[in-house]
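Biologist: Please take a close look at one place where helices pack in this protein. After that, put it in the setting of the whole chain.

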Amino acid sequence: MCLVSSETLYEALSKDPELSEFYNMVNREEVLQILLDRRDVTLFAPTNRALKKQRSRKPDDSKRDEKLPLSRFYVLNMLAEKKKFPMSIEPYIGGVAPLYMTVKEEGRRKEYFVNNAKIIRQAEHRGTEGKKQLLYVIDECLEPYKPISAQPPTSLELLKQPMIYGLKENIDAFASRVASEREKEVFNHIGKHTFFLPIGSADGMSSNKLQEIDTWVVRGHVISNHVLFLRTMDKKSYQSETWGDNLKVELKYTNESTKEEDEKWYIQSNTVQGDPRHRKGVVRARIIRPNIPVSNGVVHLISKPLMVIDKTIFEHIEEERSERLEQFYNLANNNPKFLAQMKSSDQKTVFAPTDKAFRDLQGGKLQHILTNATALNNLLELHMVMRSVATEDVWNKNVTNILASDNRRSLYFRVVGDERNKTLTVEGGGVNATAVQGDLGSTNGILHIIDRVLGMPYLTVFSKLAHDPDLQTTFKLSMQEAWNQKLNDKEKRYTFFVPNRKAWEDLKLEMPSEHKQLHLGQFSYHVHKILDRHLVVGNELTKEDLERQDQIQMVHGQFKISPGFQSGSLTVEWEGLTANIVRPDVKATNGIIHVIDRVMMKRRDLTKSGTVSWCPSLLMLAFAVITVLVQSKL
């Protein structure tokens, strides 16, 4: 909401304690005092806190000329109303890059920015000449980059001559490749774009590495038609200039700052569709110097080239050791068999749990692993598959599950989110983990950093049903009259054959009336009987246990066990109905779930002598109706 005041902008500044330091800056320039008192202007005023933070920065972090009239960077000689955002306008000082005003939308909420500074409040004033004035209070100072040239540089001009802005970083290696690949126009074209320029000297880089920066890698450092300062980015991916039929690269920011004083921003390229020269996978580079405005957008200096995959999986883990993978690194290093397999040149995918994931293990589970070499090897092998599995592969349904490197257990994959913000989840040994950093590209495969330790269950059967999207139809039905509460009992052991979502959808097509009755909540007795038919109480039966048996006793009835067609998945059979075990051995703290693709029920489960069975609630209703009818006749 915009406050309207009869005061001039200059008068408002003088009375605002939050803007007192900026008011003192304005008072050192008579021309600004006149502008803010009379003319139709827009002022972006940084708070005292923002100015204090700017002054506390190290000398090397500031590239501004101290002789510049800094307050003029914050003034526009025109009105910039929010309804006109996004827009770009050159500030009053002249000869500098324009200020970029943008809108960031998250759901129904809108946030407004000028460059990297957020507008935290606004007010409308009137100058002494009766002209409208706008005040935007911002929470961060604007970077006062003043070029040595008469006009602000394009991204290409800054790439060729960083000293235009007084930058000391060397970016001539990338500049030489841009020139060699004849891609100068990508950095020079008019518009509003975002550019990532890797630092590094051509003399300090091997010729082989330089040659890896080809046309497509160069283009992969540009996002066209979006001006993205750090804080204006969305939590989504943006298509780079390398986006075609044969090669697709998207870019995404990540903020890994632990505190305001130690900001850590990264840009990552993700080659979602590769070719023989460009491997699939993510390459991360730290943003060394962000938010450098140029005449055709914004430049960020980054620590290394994007798209160039030059590390093995083990080297990635070693690099992340001090940050979040120390425990996994130590476990792998102490297991020669697993380590040799992980370091081999064969393509593979490794799922590395964070240190926090190991700390979250309960009841001394980690200690047991550390003292048992076989258990440790089994645990590690569950975290690797011997082929490349990227998030995009799962999103496109090219992969749904695959055998782990132990050749016994399988991992199951899903992707949550949408086209521009995908997150991989993996389930193994009853634990569902989410990739906190996915798709790290490596010369020998892909690394995903995950938030749970696979094969170390921490949920009861009850909680597992509640948290697994594919099992939630069964969970909702099991809530009728609290049938599922027993599955929270940690003293008992269960084996539950759980129909998945598709099994219930198939039942709806096959028996629409019965399916509807099950969900009405008025046939809980019948629902309980059907669920009991899928449940073993007092015993945990793994897939290996089932393979050694012909039949098993359920709470109600028996299931016959047989191998699937051509030694495929196991099947269970009840009264002529057959279901495949599509996801075996989903472990919980008090039992095992086997996910099946069919509901074991028949129409008679909801009928008695050809008619619908009367549950107690319906009997009471019928009795009440009969009573009313009898009384009316009397």
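**A helix pair and its surroundings**

Modeller: Helix α11 (residues 321–333) and helix α12 (residues 336–343) pack with their axes 7 Å apart, at an angle of about 105°. This is a predicted model, where local features need pLDDT of at least 70, side-chain atom pairs count only at pLDDT 80 or more, and totals for chains, interfaces and linings use all residues. Residues are numbered from 1 along each chain as its sequence is written, and side-chain values use heavy atoms, with hydrogens and water left out. Helices (H or I, at least four residues) and strands (E, at least two) are DSSP runs numbered from the N terminus. An axis is a line fitted to C-alpha atoms, for helices over the stretch in contact, and angles between N-to-C directions run from 0 to 180 degrees.

The two helices α11 and α12 are therefore roughly perpendicular to each other (65 to 115 degrees; under 35 is roughly parallel, over 145 roughly antiparallel, the rest oblique). On the α11 side, Phe328, Ala332 and Asn333 are in contact (heavy atoms within 4.5 Å) with Phe338, Leu339 and Met342 of α12. Five of the residues in this contact are nonpolar, one is polar and none is charged. Here Ala, Val, Leu, Ile, Met, Phe, Trp, Tyr, Cys and Pro count as nonpolar, Asp, Glu, Lys and Arg as charged, and the others, Gly among them, as polar.

Helix α12 also packs against helix α15 (residues 373–382), at about 20° and with the axes 9 Å apart. The pair α12 and α15 is therefore roughly parallel. Lys337, Phe338 and Gln341 of α12 meet Asn377, Leu380 and Glu381 of α15. This contact has two nonpolar, two polar and two charged residues. Phe338 thus appears on the α12 side with α11 and with α15.

Now the wider setting. The protein has 23 helices and 31 strands, and its C-alpha atoms fill a box of roughly 95 × 85 × 45 Å along the principal axes.

Seven of the strands form an open sheet with mixed pairing, in the order β24-β23-β29-β28-β27-β26-β25; two strands pair if DSSP finds at least two bridges between them. At its edges are β24 (535–537) and β25 (551–553), each pairing on one side only. The average turn between neighbouring strands of the sheet is 30°, direction ignored. Inside the sheet, β23 (residues 494–499) and β29 (residues 591–596) run parallel and are joined by six bridges. In one of the bridges to β29, Phe496 is partnered by Ile593.

Two loops have backbone details to look at. In the loop between β3 (75–76) and β4 (87–89) sits Pro86, and the peptide bond from Phe85 to Pro86 is cis, with omega near 0°. Asn225, in the loop between β10 and β11 (238–243), has a positive phi of about 65° although it is not a glycine. Most residues other than glycine have a negative phi, and most peptide bonds are trans.

Last comes confidence. The mean pLDDT (the predictor's confidence in each residue, from 0 to 100) is 89, and 91% of the residues reach 70 or more. Among the elements, strand β10 (residues 222–223) has the highest mean, 98, and strand β31 (residues 611–612) the lowest, 44. Residues 59–68 have pLDDT below 50, and this stretch has 15 contacts beyond near neighbours in sequence. Residues 609–615 are also below 50, with 12 such contacts.
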